[in-house]
Amino acid sequence: MAKILYGVSGEGSGHSSRARLISEFLISEGHQVKIASYDRGYRNLKDDFDVLEIVGLTIVSEDNEVSRLKTIAANLSKIPSGKRALDELRALIKSFQPDCILCDFEPCTAYLATHYSIPLVSIDNQHRMRYMDYQILSELKKDAFITESIIRTMVPKPWVSLITTFHQGTPKNDHSFLFPPILRSQVLELQPRDEGYILVYTTSGFDSLLETLKDFGREKFLVYGYNKDEVDNNIHFRPFSADGFLQDLAACKAVIATAGFTLICEALYLGKPYLAFPMQGQFEQQLNAFMLAKESYGAGCAAPSYADIAAFLYGLPDYKKKLASYEHSGNTKIQEYLRRLLADDLALLKRYRPE
């Protein structure tokens with residue numbers, strides 16, 4: 001059995017949710033797993049796994065747009081503590097002596113894997129923008145190139161890339177493999193139904209969206225993101241509740257939300273058409289929104305107007321028809337490949353050693 005170090009990005013909850021499922025599977029297979037993460041990733045995993053807290057990068061946003069200046073300032077302030085955390089991570093690698101390193105878009109473990117010549121496996125959705133061919137609007141090609149460069153900088157030389165994606169393309173090389181999105185067991189256990197309302201997820205402060213939703217008086221909207229429990233005409237605010245959100249997701253007829261990868265994948269699995277408004281300045285979310293529309297699973301727009309929402313509602317029957325053929329096999333495909341990759345003293349993985 002292998003000793004595995006798992007570097008997990010702490011941004012958002014998608015990375016740690018994926019890492020939880022993969023770690024539970026690896027431990028059930030008899031492997032020894034240690035995790036390195038920060039911020040939300042560390043908080044989400046520390047009580048159930050052996051986790052080293054490190055320092056990671058932070059993205060700062062305002063009004064659904066990335067603030068480059070505040071992002072740079074926030075990350076520069078972390079340099080002293082970051083050096084200490086990197087020294088602790090080096091010490092962990094020397095004492096633990098991992099057979100391989102898994103990386104969910106966490107650069108410190110990726111760089112140290114290369115430095116110490118440890119087999120590196122990336123498991124994320126970001127590498128579809130580096131190692132998978134896909135279509136994109138011409139005006140986004142510059143952003144696509146910049147994003148690919150950032151991914152290459154964050155994770156320089158993975159031996160193997162396991163890429164999760166809700167839209168299909170062609171891998172660009174023989175060491176990249178495509179898999180359906182990894183879903184939480186709580187999502188896989190849900191029974192989808194349609195109780196007639198629309199689920200809305202946004203960050204507090206997007207009041208223009210709420211005012212637009214009020215113009216659709218015949219529709220009921222359940223709104224998460226403001227963390228309050230009150231009713232304003234056809235807007236029903238919901239306080240934060242992980243279980244409550246999933247139950248509302250299972251019972252809604254459609255979703256209007258930001259273009260985060262995890263929520264999109266969970267909604268599509270449950271057969272829910274999705275209207276996505278991507279965070280401006282974040283190419284991955286723009287790609288998610290574009291691909292939703294291209295696959296006819298929903299639509300995307302910069303900031304939902306009355307016309308955007310009306311068109312989305314009008315198209316719900318067509319979106320639902322397309323989603324009826326959306327295929328997902330749970331998490332079995334990526335689990336089976338990991339089993340093969342880590343078997344027989346990592347013989348298969350070692351075939352992919354980079355030059």
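What follows is a walk through the fold of a single chain, from its overall dimensions down to a few individual residues.

The model is a predicted one. Its chain carries 16 helices and 18 strands. For 355 residues, a compact globule would come out with a radius of gyration near 20 Å, and the chain has 21 Å, which agrees. Laid along its principal axes, the C-alpha trace spans about 60 × 45 × 40 Å. Of the 355 residues, 53% are buried. Among contacts with a sequence separation of 6 or more, 63% link residues 24 or more positions apart.

Helix H12 is a good place to zoom in. It runs over residues 283-294, and at 1.5 Å a residue its twelve residues should span 16 Å; the end C-alpha atoms are indeed 16 Å apart, so expectation and model agree. The surroundings of H12 are just as easy to summarise: nine of its twelve residues are buried, so the rest of the structure largely encloses this helix. Those buried positions are Phe283, Glu284, Gln285, Gln286, Leu287, Asn288, Ala289, Met291 and Leu292. The cover over them comes from several elements, including helices H6 (128-131), H7 (141-154) and H11 (261-269). Strands take part as well, among them E16 (254-258), E17 (274-277) and E18 (298-300).

H11, one of the helices covering H12, is itself mostly covered, with seven of its nine residues buried. The buried set in H11 consists of Phe261, Leu263, Ile264, Cys265, Glu266, Ala267 and Leu268. After H11 comes glycine 271, which has a positive phi near 80 degrees. After H12 comes serine 296, and its phi is positive too, near 65 degrees.

On the other side of H12 in sequence, glutamine 280 sits in the loop between E17 and H12. With a relative accessible area of 26%, glutamine 280 falls between the 20% limit for buried and the 50% limit for exposed, so it counts as partly exposed. Its C-alpha atom lies 9.5 Å from that of alanine 303, with the two positions 23 residues apart in sequence numbering.

Further along, helices H13 (residues 306-314) and H14 (residues 316-323) pack against each other at an angle of about 55 degrees, their axes 5 Å apart. That angle is over 35 degrees and below the 65 to 115 band for roughly perpendicular, and the pair is therefore oblique. On the H13 side, the contact is made by Phe312, Leu313 and Tyr314, while H14 supplies Leu316, Pro317 and Tyr319. Sorted by class, this contact has six nonpolar residues and no polar or charged ones.

H14 also holds lysine 322. At 30% relative accessibility, this lysine counts as partly exposed. Leaving aside residues up to four places away in sequence, lysine 322 touches Glu295, Ser296 and Tyr297. One of these partners, serine 296, is the positive-phi residue that follows H12. By contrast, the C-alpha atoms of lysine 322 and threonine 202, which are 120 residues apart along the chain, are separated by 25 Å.

A similar look at helix H1 (residues 14-28) picks out arginine 20. Its relative accessibility of 23% makes arginine 20 partly exposed. Not counting residues up to four places away in sequence, arginine 20 touches Asn44, Leu45, Asp48 and Phe49. For the last of these, the C-alpha to C-alpha distance is 8.6 Å across 29 residues of sequence.

Finally, a word on backbone torsions. Most residues other than glycine have a negative phi. Serine 117 goes against this, with a positive phi of about 55 degrees although it is not a glycine. This serine lies in the loop between helix H5 (107-115) and strand E7 (120-124). Aspartate 344, likewise not a glycine, has a positive phi of about 50 degrees. It is placed in the loop that joins helix H15 (332-341) to helix H16 (347-350). At 67% relative accessibility, aspartate 344 is over the 50% cut-off and so counts as exposed.

Methods: Residues numbered from 1 in each chain as written. Predicted model: local features only at pLDDT ≥ 70, side-chain atom pairs only at ≥ 80, totals over all residues. Heavy atoms only, no water. Helix = DSSP H or I, 4+ residues; strand = E, 2+ residues; numbered from the N terminus. Expected span 1.5 Å × (residues − 1). Buried < 20%, exposed > 50% of the residue type's maximum accessible area, 1.4 Å probe, protein only. Contact = heavy atoms within 4.5 Å. Axes fitted to C-alpha atoms, helices over the stretch in contact; angles between N-to-C directions. Parallel < 35°, antiparallel > 145°, perpendicular 65-115°, else oblique. Nonpolar A, V, L, I, M, F, W, Y, C, P; charged D, E, K, R; others polar. Rg over C-alpha atoms; globule rule 2.2 N^0.38 Å.
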